[in-house]
Amino acid sequence: MIWEVFRQQSADAAFVHCRDVHAPDREMAKQFAVIQHGRRKPTHALWVAPQEKITQVDPGAESREAGDGAEKPWAVFRQDKPGGYHTHCGDVEAPSAADAEQAAIAAFTDDDPNSLWVVQHQYIGEVTEDDVSFGGTTNKSYRFAQTYNVDPAAEEVEASESEQIEAEKQRGEI
């Protein structure tokens, strides 16, 4: 299953789409998202949502039949230019995906965005910095030769050479 990942850089920033991860369930998707998208850049929180539950909104499409029932919260993501990232721009309340699409069009298309996505909040999994340690935690000091501790290996080589010299003396080779 493919899960789309949205990263929030700081507590007051919007969630921005940052690619996807492949995972069998939400918990694994959250863990993979932390590893792949939360370790290098400053991150406050990540959202994961199953790609199959994200609806691409087509402002030109004919309106579908409205749903009935209780209204549910839907997250709306907006892409302002082709190739740009979808950014969480707000939420709408609607009983169905068709109603959520119409509500998103009404609320977030005044200045002609390139694309809108809607996803019901119940499908979004969240990981925050209270749950895990994000970004800047990768210690790459192993790449520098100065960090190698060669003293134990050098002592072992020296001891081995001494043993070989002693063995050669006992065999009368030296």
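## Exercises on a predicted two-domain model

The domain assignment of the protein, whose bounds come from an automatic or database domain assignment, gives domain 1 (2-128) and domain 2 (141-171). The model is predicted, so that local features need pLDDT of at least 70 and side-chain atom pairs count only at pLDDT 80 or more, while totals for chains, interfaces and linings use all residues. Residues are numbered from 1 along each chain as its sequence is written, and side-chain values use heavy atoms, with hydrogens and water left out.

**Exercise 1. Determine how far apart the two domains lie, and give residue pairs with long C-alpha separations.**

Step 1. The C-alpha centres of domain 1 and domain 2 lie 58 Å apart.

Step 2. Phe-15 and Asp-151 are 136 residues apart in sequence, and their C-alpha atoms are 48 Å apart in space.

Step 3. Val-157 and Ala-13, which are 144 residues apart in sequence, have a C-alpha to C-alpha separation of 56 Å. Val-157 has its place in helix H3, and its relative accessible area of 47% makes Val-157 partly exposed; on this scale buried means under 20% relative accessible area, exposed over 50%, and partly exposed in between, with a 1.4 Å probe and protein chains only.

**Exercise 2. Check the span of helix H3 against the expected value.**

Step 1. Helices (H or I, at least four residues) and strands (E, at least two) are DSSP runs, numbered from the N terminus, and H3 has 21 residues, running over residues 151-171.

Step 2. The expected span of a helix is 1.5 Å times one less than its number of residues, so H3 should span 30 Å.

Step 3. The end C-alpha atoms of H3 are 31 Å apart, which agrees with the expected span.

Step 4. After H3 comes Gly-172, whose phi is positive, near 80°.

**Exercise 3. Work out which aromatic rings form a cluster, and classify the pairs made by Phe-77 with Phe-6 and with Trp-47.**

Step 1. Rings of Phe, Tyr and Trp (its six-membered ring) pair if their centres lie within 6.5 Å, and planes under 30 degrees apart count as stacked, over 60 as edge-to-face and the rest as tilted. By this rule the structure holds 4 aromatic pairs.

Step 2. The ring centres of Phe-6 and Phe-77 are 4.1 Å apart and the planes meet at 15°, so this pair is stacked. Because Phe-6 lies in strand E1 (residues 2-8) and Phe-77 in strand E5 (residues 72-79), the pair ties together parts that are 71 residues apart in sequence.

Step 3. Phe-6 counts as buried at 1% relative accessibility, and Phe-77 is buried with a relative accessible area of 1%.

Step 4. Trp-47 and Phe-77 form an edge-to-face pair, with 6.2 Å from centre to centre and 90° between the planes. Trp-47 lies in strand E3 (residues 45-50) and Phe-77 in strand E5, so the pair ties together parts that are 30 residues apart in sequence.

Step 5. Ring pairs link Phe-6, Phe-15, Trp-47, Phe-77 and Trp-117 into a cluster. Phe-15, which is found in strand E2, counts as buried at 5% relative accessibility.

**Exercise 4. Describe the volume and the lining of the largest pocket.**

Step 1. On a 1 Å grid over the protein atoms alone, a pocket is an open set of points where a 1.4 Å probe fits, with protein on both sides within 12 Å along at least five of seven lines, and lining residues have an atom within 4 Å of a point.

Step 2. The largest pocket holds about 270 Å³ of space, where grid points are joined across faces, edges and corners and the volume is the space filled by probe spheres set on the points.

Step 3. The lining has 13 residues, of which Arg-7, His-17, Cys-18, His-37 and Lys-41 lie nearest the centre of the pocket.

Step 4. E1, strand E2 (15-22) and helix H1 (26-37) each supply at least two lining residues, and the largest share, 4 residues, comes from E2.

Step 5. The lining divides into 4 nonpolar, 5 polar and 4 charged residues, where Ala, Val, Leu, Ile, Met, Phe, Trp, Tyr, Cys and Pro count as nonpolar, Asp, Glu, Lys and Arg as charged, and the others, Gly among them, as polar.

**Exercise 5. State whether Glu-4 and Arg-19 are buried or exposed.**

Step 1. Glu-4, found in strand E1, is buried with a relative accessible area of 6%. Its C-alpha lies 7.3 Å from that of His-17, although Glu-4 and His-17 are 13 residues apart in sequence.

Step 2. Arg-19, found in strand E2, counts as exposed at 57% relative accessibility. The phi of Arg-19 is near 105°, a positive value in a residue other than glycine.
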